[in-house]
Amino acid sequence: MKTIVKPAHKAFILLSGVALWTGVLWTGAIGTEPGDPISPRATGVAAKCPNDIGIAEAPGVIFADDFESWGGDGATTPADKWHGIRMNQTSRTRAVPGNVSAAGVQGPGERVLEIACWHEKGKSQVGGLWLKLGNYSHSNEGLGDGYDELYVRYYMKFGENYRAVRNHGSNLGGRDVTMKNAAWVGMAGIRDVSTRGYFYSGLQPWGERGSRELEMGFYSYHLDKKGPWGARYKVRKRIPIRVGIWHCVERHMKLNSVERSTGKANADGLEELWIDGELSIRKEGLRFRRVPHLRIASFSLETYYHGLPEEFGRTNPIKVYFDNVVIARAYIGPITPKRLEHGPRGKAIGDAAAIFFAVTFQ
Ligand SMILES: [Ca+2]
C-alpha cells in the first residue's frame, strides 16, 4: 500500500516548450504551495510527467492507478493499490479494454475501470473502489494520520446509454478513530457531523433526470451545512459533461485549521473542482472538523444509485468509466503530451497523440 507521506511539495518551475513541427505552443507556469489560489488553467504535477509516465513516483504524489496492471479477468486489484472493491448482486467493477481518448485519438494505456450497475427491484446499487489514506478502521492500522489537504484527479466517461438518474459519486473524507461511535464516511442524514466524528464530501454528476448532459458538483457533509443532507456549492463556471466523452476531473480538499490553544475551528477550509483543467467550483470558508487529528483518510471511486430504472437491466447496465487516477499533495492537472523526440538531424518527431493532447488538454 503506497500511502507513505513524501516530502511536502514545494514550488516547482516548469519550462516552456515549443512543439516545432506542430506549431503548437505550450507554456509552463510556476507551481504553487498547496492551498494557494490556483489559476483556472494552472499546470501541475502531470505537466512534469508527459502521458502520465512515472507520475506515481513524482514528488507529492501519494497514489496512482492507471488500471493497466489489474489481473485475471480484470476484477483483481494489484496488491499495492486499493483496499476494497465492491462485489455484490447489483454491480460489477472491473478493468476492461480501453483508454482515455477523444476526437478519435487515443491517450496512454490499454485498460480502464468500468463500473456497471443494474436494476433490481427495491434495491439501491453501488459499485466501485475504496482506498484508505490513513488510519480509518482503528487507530493502530499503521496507515498514518491521513492528510489535511489533497488533490484527486481522474478521467471519467459516462457510457453511451447513460442518462441522468438520482445518484451519488465518489467520496473524500475521514473519521475520528479516537471516538468510539465515529460514523463511517458516507453516513447520511446527520446535521452536525462533528457529533459523530466524521466528514466527507461527495463529487457526483448532477443533471435533469433522463438528460445526456450533466455537470459535476459537490455534495458535502461539512460542519456548517444547514440540514441533515449534503450541501451543494455554487458553480462558478458551468462546464457541461457529455455522455460518451472522456473528461478530466480534479478536486481539491483543504481542511480547516483548529486553534490548538482554544480549540476554535477556523472557517478556512476549501474545496475546488476543475473540469478538463478549467476551474468550475471554488468554495471557501468551509469547516470540516473541530479536532486537528481528524484528517482525510478515505477515498472512494464509486457510483451509487437510489434505485435504477428498469431499463438498466443486468444485460444492459448503466456504465461509468474511469482511468488515470492520481492523488497528490499538489495540483495535478490533465495529462500532458508526450515529449517530442528529436531525430538524427535535430528534427522534432512525435505522434498524433502529442498533437491531440497539446491542443485538447493545454
Ligand atoms: Ca489505463
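Trainee: How many bridges join β17 to strand β18, and do the two run parallel or antiparallel?

Mentor: This is a predicted model. In it, β17 and β18 (residues 278–286) run antiparallel and are joined by seven bridges. One pair to look at is G269, whose bridge partner in β18 is L286.

Trainee: Which residue takes a positive phi in the hairpin of β17 and β18?

Mentor: D276 does, with phi near 50°; the hairpin has two residues between the strands.

Trainee: Which strand do six bridges join to β17?

Mentor: Strand β16, residues 247–254, which runs antiparallel to β17. Here V249 has I275 of β17 as its bridge partner.

Trainee: How many residues of β17 are buried?

Mentor: Start with the general idea: side chains in a regular strand alternate between the two faces of the sheet. In this case, β17 spans residues 269–275, and six of its seven residues are buried. For the protein as a whole, 44% of the 362 residues count as buried.

Trainee: What does the secondary structure of the protein come to?

Mentor: One helix and 22 strands. As for contacts between residues at least 6 apart in sequence, 68% join residues at least 24 apart.

Trainee: Where does the pLDDT stay under 50?

Mentor: Predicted coordinates should not be read in detail where pLDDT is low. Residues 1–37 stay under 50, and the model has 59 contacts beyond four places in sequence for them. Residues 342–362 are also below 50, with 42 contacts beyond near neighbours in sequence. The protein averages a pLDDT of 84, and 81% of the residues score at least 70.

Technical notes. Residues are numbered from 1 along each chain as its sequence is written. This is a predicted model: local features need pLDDT of at least 70, side-chain atom pairs count only at pLDDT 80 or more; totals for chains, interfaces and linings use all residues. pLDDT is the predictor's confidence in each residue, from 0 to 100. Two residues are in contact if their C-beta atoms, placed from the backbone, lie within 7 Å. A residue is buried if 20 or more other C-beta atoms lie within 10 Å of its own, exposed if 12 or fewer, and partly exposed in between; C-beta atoms are placed from the backbone. Helices (H or I, at least four residues) and strands (E, at least two) are DSSP runs, numbered from the N terminus. Two strands pair if DSSP finds at least two bridges between them.
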